[in-house]
Amino acid sequence: TYFVQHVFELTNLNVGCWHKAWDMVINQHDSLRANFMWEKLTKPLQRIQKKVELSWIEENWCKIENCEDELQVHIKSARKKQFDLTKSPLMRFHLIKIGDVRYYFIWNIHHLLIDGWSIPIILEDVITAYR
């Protein structure tokens, strides 16, 4: 229900820098390292982890014809995959190479971590860190 998904087409991406930029931003914003506990508790508890291992999937689709169709299938499939709210991070990244310099970047995140107002801030911080 509270699943947020963003899909971007990127060009001329330095993949190593992209990973580092996201690591920097995750470490900068505590809420992005949160998870939640509620079982056997009187009130739910939000925990902020000191460090999280980001969940990256990287694929090369350069030889796949109609990769836009495949992307739509993947997007729908990713939306069905639940998050375990007790384990950080409550986000997943998928980087798909579709050409010599073209990528699809899919950012799946649980809405408990950020709201619509925060997304542009996070993205601006990632772009700044990447540069």
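Hi everyone, let's start with a single residue, I122. At 3% relative accessibility, I122 counts as buried, because the cut-off for that word is anything under 20%. Keep in mind that what we have here is a predicted model.

So where does I122 sit? This residue belongs to helix α3. And which residues does I122 touch, once we leave aside its neighbours within four places in sequence? The contacts are W22, V25, H29, L32, W107 and I114. For M91, 31 residues away from I122 along the chain, the C-alpha atoms of the pair are 13 Å apart.

Now let's zoom out to the whole chain. There are three helices and six strands, and from the N terminus on they follow the order β-α-β-β-β-α-β-β-α. The radius of gyration is 16 Å, close to the 14 Å that the globule rule gives for 131 residues, so the chain is as compact as a globular protein of that length. The C-alpha trace spans about 55 × 30 × 25 Å along its principal axes.

Of the 131 residues, 40% count as buried. As for the outside, the chain exposes about 8500 Å², with 51% of that supplied by carbon and sulfur atoms.

Last stop, the largest pocket. It holds about 170 Å³ of space. Which elements give two or more residues to its lining? They are β1 (3-11), α1 (15-28) and α3 (118-130). The lining includes F8, W18, W22 and Y130. By class, nine lining residues are nonpolar, one is polar and none is charged.

Thanks for listening, everyone!

Technical notes. Residues numbered from 1 in each chain as written. Predicted model: local features only at pLDDT ≥ 70, side-chain atom pairs only at ≥ 80, totals over all residues. Heavy atoms only, no water. 1 Å grid on protein atoms, 1.4 Å probe; cavity = no way out; pocket = protein on both sides within 12 Å on 5 of 7 lines; lining within 4 Å. Points joined across faces, edges and corners; volume = space filled by probe spheres on them. Helix = DSSP H or I, 4+ residues; strand = E, 2+ residues; numbered from the N terminus. Nonpolar A, V, L, I, M, F, W, Y, C, P; charged D, E, K, R; others polar. Buried < 20%, exposed > 50% of the residue type's maximum accessible area, 1.4 Å probe, protein only. Contact = heavy atoms within 4.5 Å. Rg over C-alpha atoms; globule rule 2.2 N^0.38 Å. Areas by Shrake-Rupley, 256 points an atom, 1.4 Å probe, with all protein chains shown as cover.
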